[in-house]
Amino acid sequence: MAPSRTALLAATTAVLAVVAGAGVFAFARSEAAVPVPTEREARALIDKYRGDSTAVISRDIRYTEAVRTIGACTDPPDTYTISSRYSMMPPSAAEGAAAVDALRKHWAGLGYHVVTDVPGQNSQLLTEDPATGFRVGISQRAASYLRLAVSSPCLTLPYTPTAPVLPEEQASVREAYQRYVAGVLDRLTADVAALRTAVAGPDRAKARAAWLTAQLTWDRVGAAYGSFGDYADAIDGLPQGLPGGVRDPHFTGLRRIEYGLWHGEALGALRPLVDAVAERVTALRGDLPDATPDAIDLPLRVHEILEDALRFHLAGLTDMGAGAALAETAADVDATAALLDLFGPLLDERRPDLRPAAHAGLEQLRQAIAVSLPKPGLSVGGVRRDVDAALGGVLETLAQAPGLLEVTGS
Amino acid sequence: VSVSRRDALKRLTAGVVGAAAVAALPGAQSVMAADEAPSFHGPHQAGIFTPPQRSAIFAAFDVAVSSAAALRQTLRMLTARARFLTTGGEPPGGPISSPPADNGVLGPEIPADRLTITVSVGAALFDGRFGLTGRRPRSLTTMGVFPGDALEPAWCHGDLLLQICADNPDTVHHALRDIARNTRGSLVPRYRRAGFLSPPRPSGTPRNLLGFKDGTSNPVEAEGAGLVWAGAGEPDWAAGGSYQALRFIRMHTEFWDRVSPAEQEAIIGRRRDSGAPLDGVRELDKPDYERDPAGLLIPLDAHIRLANPRTAETASSRILRRPYNYDDGLVPGGDLDAGLVFCAYQQDLARGFEAVQKRLAEDPLNDYIRPFGGGYFFALPGVTSQDDWYGRGLLG
């Protein structure tokens, strides 16, 4: 439920960028016979060079940026250099210069070769550790800007890195998703109006059917992972985690209406709950430019919508009486398929077989649900084997997508 | 600073979200388990500062007798069984035609196997059935619901909790079975779950089932008086006891396995391979949060950063964690039912577990775990001599 996943991703994670041409450094590396590390070893060594370097500079020098890249080497072909750069802010130009001097001494003491050493205002110092072929450098670009950089020698990777997605490409997917959500919310507005009419009448079966229609429409938004934040909580928040459970006054929204419809509550008593949902849907519709998840979150949603189906619907946590877990999972399939296609060209360029495989898996899941679901709203019981199999299978496929859709840069 | 980092901060303050418990295993020092047998008699119970044994069962019971005298009798029996089982030896013989005194699971001679049996009481025991209403430990309450919980009543609370730990699973099974038999009719099992402590892979702190060495240093025994043992304001009988928080935490391991290692590391705040904090090199390196105020290397909401911010203000919320991994059957949908039995001892639940829990309300790890049970208990003072018994100060 935490709206958290990508916040982190963006923060620390490595940003993958294939640097065209000669890689990060234009200088030829030493020809010494140094064993080439694996990627895993190289990443650990980068940490080691960073730790070793920051240990000799003032503790008042703070990180302001960290970026990790993979660059293609031209010689030998099909090899890559892994590098990290850390921007740091010294409290004063003098402390920045002192850090450069301290590192110059430190690296000389360790026997590193100087590759380049440009002193002065825009100092640049680059050294190479002859024991490993790693290069470590420090530069002072401005009074309060230091940059520590570490890069590996050219090494082979057990996979081919893909080109990063451009931020503007991600942004345009977000815009398209926002349009998709707007359309779904327009349908939801009508569905909730119909639910309002139904609970005003005497026919419980009709009210239940109207609830299911509205719930499935909301599911098609694909609001996994706390997307749409407080709006989503108000529209279909769950009772678990509330002190009073299903009787907690903060348990409201479509799930609360479901609870009432299947627990003998008077239809008329549900009307204020329906009105509140209608109000929140309208508010969300108006706030979509802000409320739509950040562009950087959307690649994760490609598998998270169905991860939520697995964690919530199929675990029984969302069932407030209607037994609609499978029907809701089918709606999640629709949302996933829609999102997948919004990323279509970006995915197809990077891995042409992924989207067809994902759609085939989604179709298999649809079929399995259709067989297990004699009619919408029926109990979760019955043959679940094929649903479990298809859902698990397609999730493994969908989980390949986010890594292909990361943006580069800082 | 990247745009997304600002978004992260924005979202942190926007606050919705669920809480959960720390998913951590004991610190590296506890891995070098002392070989000597824990002593049964003492001012504190064994099984709290005892270096964690490899196997555990946490078993809750409800008391079925209705008088203080009968409860006294039950606790005396429990003490006698625990004293014998943790010491080991040959069980008494009997006629071959009668049911045997011992279940035979450990062979004819019972090994001690570093067995500890730690007895705790829940708030329910103080409800009036036994005239104990005025004797409840000051802050012993019934555990509430935290955001993100999906508590199942069958897995919550209880009158008594036994934490049974030993170096082998047959030893803990044998002990539970022996105690259940000898208290039959008085104590009714409510729930139980077995756990295990993984060996170092390949070294250092054991890994949890998320694959991470996720333990920071626990308080040491010398810090017990300030952080673990019951303090001022408690009833006299409670001296030497400790508040215990128990949480059954399911891990969505399938989902976790579909998340990239880079993201997993950002969620935890450590390297998966080495266990080093993301700004460090080796497992035991101390994270330097001052050098990384914006959370560029270790995100501000990384699990280790939220659980222990390493500030003077949060030092008193340190708790003695003694959790075990569990791996047990399937959940609906066919996923593995695996996770953590989180157990922690502290001087004060509000200052300890609940303070940590509040900080973890925004922990991204919460998406991958689902607390489904547990409770608050008070570990009784130790049994001090051959004549003493569990709860003598409370009931005697």
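**View 1. A:Asp78 is an exposed residue with a positive phi.** At 62% relative accessibility, A:Asp78 counts as exposed (exposed means over 50% relative accessible area, buried under 20% and partly exposed in between, with a 1.4 Å probe and protein chains only). You will find A:Asp78 in the loop between E2 and E3 of chain A. Its phi is near 60°, a positive value in a residue other than glycine. Most residues other than glycine have a negative phi, and most peptide bonds are trans. This is a predicted model: local features need pLDDT of at least 70, side-chain atom pairs count only at pLDDT 80 or more, and totals for chains, interfaces and linings use all residues. Residues are numbered from 1 along each chain as its sequence is written, chains are lettered from A and ligands numbered from 1 in the order in which they are written, and side-chain values use heavy atoms, leaving out hydrogens and water.

**View 2. A cis peptide bond leads into A:Pro76.** The bond from A:Asp75 to A:Pro76 has omega near -5°. A:Pro76 sits in the loop between strand E2 (62-73) and strand E3 (79-89) of chain A (strands, E, of at least two residues and helices, H or I, of at least four are DSSP runs, numbered from the N terminus).

**View 3. Chain B has a cis bond of its own, from B:Arg201 to B:Pro202.** Here omega is near -5°. Look for B:Pro202 in the loop between strand E4 (187-196) and helix H5 (224-227) of chain B.

**View 4. B:Arg310 is not a glycine, yet its phi is positive.** The value is about 60°. B:Arg310 belongs to the loop between helix H8 (303-307) and strand E6 (320-321) of chain B. With a relative accessible area of 34%, B:Arg310 is partly exposed.

**View 5. Helix H11 (residues 325-342) of chain A has the span expected of it.** At 1.5 Å a residue, its 18 residues should span 26 Å, and the end C-alpha atoms are indeed 26 Å apart (the expected span is 1.5 Å times one less than the number of residues). Since 13 of the 18 residues of H11(A) are buried, this helix is largely enclosed by the rest of the structure.
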